[in-house]
Amino acid sequence: MQIAVASGKGGTGKTLLSTCLMKVLADYNPVLIDADVEEPNAGLVLKQQVLETTVVSRLVPEINPQTCNLCGKCAQICKFNALVVLIDKVLVFNELCHSCGACAYLCPQAAIKEKDHPIGVIEEAHLPGYGTLLTGRLTVGEAQSPPLIKATKNKKTEAGLRIIDCPPGTTCAMIEAIRDSDYCLLVTEPTPFGLHDLELSLEAVGLLDIPGGLIINRWQGEEQELAALSSRTGFPILARIPFSSKLAQSYMQGRDPLEAMPSLRNILTDIISQIKEALS
């Protein structure tokens, strides 16, 4: 089973929920995948030591100047403007390339071949008593994170349960992270920004036809608009995590949130029960 933990905006508590779920579900030897590859932080919370690092690359075109006759066909084919044909050479912009391979396949002179372009790494750590943590870490300056997210999710691990800590927002990175999940937990907060971005993420999850539910973090008793949104979209409110300054302080200091708020374990256990019931 694969559970995605996502949200429309950052700072709602995705990593808090993901790491605590991993601890509560430790009997299943889960794999936690930190798919927020631009700024992964699950490892900071779990204080892991990386045991293995795998370099991830994607294919980009390489022009053979001895064969290329500057016909311009490659630039015409590329819909992403990653190739520009000048009077004496062809420029390749790797950051714009989507690795579709069309330029190499359709070049009349067979002057283009594809080469590996490193975009980041996958860090693997084994947490005794909890499971495995896979962290995608995008190289600074790289513009495209979905290929690394996909590679991190596809890394072979023996686990019956996978938890995806997704990047915020509703961009391609979030879509790639939640894709193929059995259930999506959408974490939000009772603020106007939280409500606005939650609506966008609900639309994205709905387009992928993934069942899901809402978790209200930092709940302080006000939820009329969130309840109305839940009723309108059919995504139930699975849990409400009360606002707790003690929990926030403990989390910032790197201590175990389940010890700072013992009731959180019961909340997460109830969420898991509701997910099992929904999927059955």
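Val-37 is buried in the predicted model, with a relative accessible area of 2%. The residue lies in the loop that joins strand 2 (31-34) to helix 2 (42-46). Once neighbours within four places in sequence are set aside, the contacts of Val-37 are with Gly-136, Arg-137, Leu-138, Ser-145, Leu-148 and Ile-149. Of these partners, Ser-145 is 108 residues away from Val-37 in sequence, yet the two C-alpha atoms are 6.8 Å apart in space.

Met-22 is likewise assigned to the buried class, and its relative accessible area is 0%. This residue belongs to helix 1. Leaving out neighbours within four places in sequence, Met-22 is in contact with Pro-30, Leu-32 and Leu-46, with Leu-127, Tyr-130, Gly-131, Thr-132 and Leu-133, and with Ile-163. Glu-277 does not appear among these contacts; its C-alpha atom is 19 Å from that of Met-22, at a sequence separation of 255 residues.

Helix 1, which covers residues 14-24, also packs against helix 11, which covers residues 263-279. The two axes are 10 Å apart and form an angle of about 85 degrees. Helix 1 is therefore roughly perpendicular to helix 11, as the angle falls in the range of 65 to 115 degrees. On the side of helix 1, the contact is made by Leu-17, Cys-20, Leu-21 and Val-24. Helix 11 contributes Leu-264, Arg-265, Leu-268, Thr-269 and Ile-272.

A further set of residues concerns the loop between helix 3 (73-77) and strand 4 (83-85), where Ala-82 is found. Ala-82 has a relative accessible area of 2% and is therefore buried, the limit for that class being under 20%. Beyond neighbours within four places in sequence, the contacts of Ala-82 are with Leu-91, Val-92, Phe-93, Leu-96 and Cys-97. Thr-135 is 53 residues from Ala-82 along the chain, and their C-alpha atoms are separated by 29 Å.

Val-92, one of the contacts of Ala-82, is part of strand 5 (residues 90-92). With a relative accessibility of 27%, Val-92 counts as partly exposed. Outside the window of four places in sequence, Val-92 is in contact with Pro-61 and Ile-63 as well as with Ala-82 and Leu-83. The C-alpha atoms of Val-92 and Ile-63 are 8.3 Å apart, with the two positions 29 residues apart in sequence numbering.

Asn-81 occupies the same loop as Ala-82, between helix 3 and strand 4. In contrast to the buried Ala-82, Asn-81 counts as exposed, at 56% relative accessibility. Most residues other than glycine have a negative phi. Asn-81, although not a glycine, has a positive phi of about 55 degrees. Leu-70 also shows a positive phi, near 60 degrees, in a residue other than glycine. The position of Leu-70 is in the loop between strand 3 (52-63) and helix 3. Leu-70 counts as partly exposed, with 30% relative accessibility.

For the protein chain as a whole, 11 helices and 11 strands are assigned. The C-alpha trace spans about 70 × 45 × 35 Å along its principal axes. Of the 280 residues, 48% are buried. Among contacts with a separation of 6 or more, 72% are between residues 24 or more positions apart. The pair formed by Val-37 and Ser-145, at 108 residues apart, is one of the contacts with such a separation.

The exposed surface of the protein chain amounts to about 14200 Å², and carbon and sulfur atoms supply 52% of this area. The charged side chains comprise 24 positive and 31 negative groups. The centres of these two sets lie 3 Å apart.

Notes: Residues numbered from 1 in each chain as written. Predicted model: local features only at pLDDT ≥ 70, side-chain atom pairs only at ≥ 80, totals over all residues. Heavy atoms only, no water. Helix = DSSP H or I, 4+ residues; strand = E, 2+ residues; numbered from the N terminus. Buried < 20%, exposed > 50% of the residue type's maximum accessible area, 1.4 Å probe, protein only. Contact = heavy atoms within 4.5 Å. Areas by Shrake-Rupley, 256 points an atom, 1.4 Å probe, with all protein chains shown as cover. Lys, Arg positive; Asp, Glu negative; His and termini not counted. Charge placed at Lys NZ, Arg CZ, Asp CG, Glu CD. Axes fitted to C-alpha atoms, helices over the stretch in contact; angles between N-to-C directions. Parallel < 35°, antiparallel > 145°, perpendicular 65-115°, else oblique.
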